[in-house]
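Q: Hi, I am new to this one and would like to go through it step by step. Could you put it up first?

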Protein chains: 2
Amino acid sequence: MRPENESDDQPRSFIERARRAQIVRAAVETIAEVGFAKASFARIAARAGISAGLISYHFAGKDELIGQVAADIKEAMDRAIGERAAGAGSYLAALRAVIGGFVHYCAEHRAEMYALREIAANGGPVEQDDAVGQLAGMLRDGQEHGEFREFSPRLMALTLNAALEAVPRELYSRADTDAAAYADELASTFERAVRREGLRRRG
Amino acid sequence: MRPENESDDQPRSFIERARRAQIVRAAVETIAEVGFAKASFARIAARAGISAGLISYHFAGKDELIGQVAADIKEAMDRAIGERAAGAGSYLAALRAVIGGFVHYCAEHRAEMYALREIAANGGPVEQDDAVGQLAGMLRDGQEHGEFREFSPRLMALTLNAALEAVPRELYSRADTDAAAYADELASTFERAVRREGLRRRG
DNA sequence: ACCTGAACACCGTTCAAGT
DNA sequence: ACCTGAACACCGTTCAAGT
């Protein structure tokens, strides 16, 4: 009744990949325009110029479609932030690069991040554990290299991730919020939280 | 067609208040039991032993009902945490009391906090600005009394609030998470983020 | 294989009708 | 004033039928 490909039987056909990409694109635009609550299959299909039933044919359910939308947006964001953090000369600099990169990416990609937040704020399957795990790994490495004090990497990563997730809402709801200042405040907050004491003082 | 009382015309009648309370109670239990997505008016009404239409009669819409559910839960939580923080002898102690109080309240009121998180995670109108504003006020007071360093009280409050909101999920999804340790880690993290430097060292 | 459009079971809300 | 139950417009999903 519906193609359950990818990690199943055959790879997806060309037309299937094209349709899925088209539907995902229409979904992003629809969510960004009318919000998650009103982004029904009927609206998404109308925007894409297809029948609503076709979405169910290509996706196992609404969860899979929304999950794909979220995954696409996050993949682009992770790549952009990763590039910024790649050249950091220390774990402290890497932490600052991740925080600053995230805030600036939010400021520069409002539609996507707004859609992502709409999804996360409406029970979408955003699976934050990847992000938390990556942050925890970076923090643990920084500890082992002696840059960071002792703390639970997982709980600190969880706290940092939560702080980052709060950024888009504040950035978009308050027009006067200065992205650079927000990034500096956040970076300073977590620098103080993770660094060893008495090393040096700045800011 | 429906009573639009409270801050409108007459006060609510006794029977109206009783019905509203009964419906809110049934909604909390239903959300905690089957999750937000499946907590329909039909299910809530069935649990309360009334018709679904009666909910629409007493509440302007689903948003008002869910908002009332969230408000009731948060009011009880705020009172409990406020009691713990009332006796603090310093702003740093008050900060620690709020963080510790929140974590322990989460650990001790799983059903309510689970329902609240379900609501917040599904686009419910949880209005976090009250909490953020209160935290910001406390932080600002601590700055004016010279206990805290200079930072943006609003952005720090936003960051702290986000960190607190991440607590229930972690606490409930990982059975081995130690609430007391989580509270200590969080308190230590934010203590380091807000305090002046070089005053003293602990932990 | 790919797609449509009607049918289905559900949802929140409205409303005539009862008391 | 308070409440029911049918009707309504919507939703995501299914499925027979077309190509």
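Q: How many aromatic pairs are counted over all chains?
A: The count comes to zero aromatic pairs over all chains, and please keep in mind throughout that this is a predicted model.

Q: OK, then what sits over the ring of Phe36(A)?
A: That is the charged end of Lys62(A), which is placed 5.4 Å from the centre of the ring. In chain B, Lys62(B) lies over the face of Phe36(B), with 5.4 Å to the ring centre.

Q: Switching to the DNA, which residues come nearest to strand C?
A: There are 16 residues around DNA strand C, and those that come nearest are Ser13(A), Ile15(A), Arg19(A), Ser51(A) and Lys62(B). By class, this surface is made up of six nonpolar, eight polar and two charged residues.

Q: And which part of strand C do they face, sugar and phosphate or bases?
A: Among the atoms of DNA strand C that are within 4 Å of the protein, 71% belong to sugar or phosphate, while the rest belong to bases.

Q: Which side chains have a polar atom by a phosphate oxygen of strand C?
A: Ser13(A) has a side-chain N or O atom 2.6 Å from a phosphate oxygen of DNA strand C, and for a polar side-chain atom of His58(A) the distance is 2.9 Å. From chain B, the side chain of Ser40(B) has an N or O atom 3.1 Å from a phosphate oxygen of that strand. The elements giving two or more residues to the surface near strand C are helix 1 (14-34) and helix 3 (52-58) of chain A, along with helix 3 (52-58) of chain B.

Q: Which of those gives the largest share?
A: Helix 3 of chain A does, with four residues of the surface near DNA strand C.

Q: What about strand D, which residues come nearest there?
A: Of the 16 residues around DNA strand D, the nearest are Lys62(A), Ser13(B), Ile15(B), Arg19(B) and Ser51(B). A side-chain N or O atom of Ser13(B) is 2.6 Å from a phosphate oxygen of this strand, and a polar side-chain atom of Ser51(B) lies 2.7 Å from one. Helix 3 of chain B gives the most to the surface near strand D, namely four residues.

Q: Last topic: how is chain A divided?
A: Chain A is divided into domain 1 (14-65) and domain 2 (71-194), and the centres of these two domains, taken over C-alpha atoms, are separated by 29 Å. Seven residues of domain 1 are in contact with nine residues of domain 2 in this chain.

Notes
Residues are numbered from 1 along each chain as its sequence is written. Chains are lettered from A and ligands numbered from 1 in the order in which they are written. This is a predicted model: local features need pLDDT of at least 70, side-chain atom pairs count only at pLDDT 80 or more; totals for chains, interfaces and linings use all residues. Side-chain values use heavy atoms; hydrogens and water are left out. Rings of Phe, Tyr and Trp (its six-membered ring) pair if their centres lie within 6.5 Å; planes under 30 degrees apart count as stacked, over 60 as edge-to-face and the rest as tilted. A charge sits over a ring if NZ of Lys or CZ of Arg is within 6 Å of the ring centre and within 35 degrees of the ring normal. A residue is near a molecule or strand if one of its heavy atoms lies within 4 Å of it. A polar contact is a pair of N or O atoms within 3.5 Å; within protein, one must be able to donate a hydrogen and the other to accept it, and residues adjacent in sequence count only if both atoms are side-chain atoms. Ala, Val, Leu, Ile, Met, Phe, Trp, Tyr, Cys and Pro count as nonpolar, Asp, Glu, Lys and Arg as charged, and the others, Gly among them, as polar. Domain bounds come from an automatic or database domain assignment. Contact means heavy atoms within 4.5 Å.
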